[in-house]
Amino acid sequence: MPGKKNPSLKDPELYEELREDGASKQKAARISNAVAKKGRSAVGRKGGKSGDYDDWTVPQLKAKAKEIGLTGYSAKKKSELISALRNS
C-alpha cells in the first residue's frame, strides 16, 4: 500500500506497522480502524473471555476450528487442535 491513499483506512500508520509485523491486510485494516474509532486502550482491552484452550473439551475445540475455517481438524488430537487454533 505504500504510495497509495486508501480512504477506508482511518489510521494508515498503524496499518503499515501491523502489515510489517505480519498481519493480513484485513486484520491490519480492522485493527487500525477500530483503534481510530475507539482508542488504543479500548481496543487493547478486548479479548480474553474464552478461557484457556487446555480447559476446553475436544468437541468444543473442533467447533471452534470449524467456526474459524480450519481444515483437517476432525482427526487431530487435543494437543494438535490447540496448537492449530493458537497458530491460526
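Lysine 64 and glutamate 67 sit three residues apart in helix 4, about one turn of the helix. In this predicted model, local features need pLDDT of at least 70 and side-chain atom pairs count only at pLDDT 80 or more, while totals for chains, interfaces and linings use all residues. Residues are numbered from 1 along each chain as its sequence is written, and side-chain values use heavy atoms, with hydrogens and water left out.

The two residues of helix 4 are joined by a salt bridge, with 3.6 Å between the closest N and O atoms of lysine 64 and glutamate 67; the term stands for a side-chain nitrogen of Lys or Arg within 4 Å of a carboxyl oxygen of Asp or Glu. Lysine 64 is partly exposed at a relative accessible area of 23%, whereas glutamate 67 is exposed at 60%. Here buried means under 20% relative accessible area, exposed over 50%, and partly exposed in between (1.4 Å probe, protein chains only).

A search of the whole structure returns three salt bridges. Arginine 86 forms one of them with aspartate 52, the closest N and O atoms lying 3.1 Å apart. Because arginine 86 belongs to helix 5 (residues 78–86) and aspartate 52 to the loop between helix 3 (40–44) and helix 4 (58–67), this pair ties together parts that are 34 residues apart in sequence. Arginine 86 also meets the side chain of aspartate 54 in a salt bridge (3.6 Å, N to O). That pair, too, links distant parts of the chain, with aspartate 54 in the loop between helix 3 and helix 4 and arginine 86 in helix 5, 32 residues away. The partners are partly exposed: arginine 86 has a relative accessible area of 48%, aspartate 52 has 36% and aspartate 54 has 42%. Through shared partners, salt bridges join Asp52, Asp54 and Arg86 into one network.

It helps to place these pairs in the overall fold. The protein chain holds five helices and zero strands, and its elements run α-α-α-α-α from the N terminus on. Helices (H or I, at least four residues) and strands (E, at least two) are DSSP runs, numbered from the N terminus. Of the 88 residues in the chain, 22% count as buried. Among contacts with a separation of 6 or more, 24% come from residues 24 or more positions apart, a contact being heavy atoms within 4.5 Å. The chain exposes about 6700 Å², and carbon and sulfur atoms supply 49% of that area, as computed by the Shrake-Rupley method with a 1.4 Å probe.

Serine 32 offers a view of the interior. This residue lies in helix 2 (residues 25–38) and is buried, with a relative accessible area of 0%. Not counting residues up to four places away in sequence, serine 32 touches Leu9, Asp11, Leu14, Tyr15 and Leu18.

The surface tells a companion story. Glu13, Glu17, Glu20 and Asp21 gather there in a patch of negative charge; such patches are made of residues with over 30% relative accessible area and no salt bridge, like charges being joined within 9 Å. Asp and Glu count as negative, and the place of a charge is taken as CG of Asp or CD of Glu. One member of the patch, glutamate 20, is in helix 1 (residues 12–20) and is exposed, with a relative accessible area of 69%.

Notes: Patches are made of residues with over 30% relative accessible area and no salt bridge: like charges are joined within 9 Å, nonpolar side chains (Val, Leu, Ile, Met, Phe, Trp, Tyr) within 5 Å.
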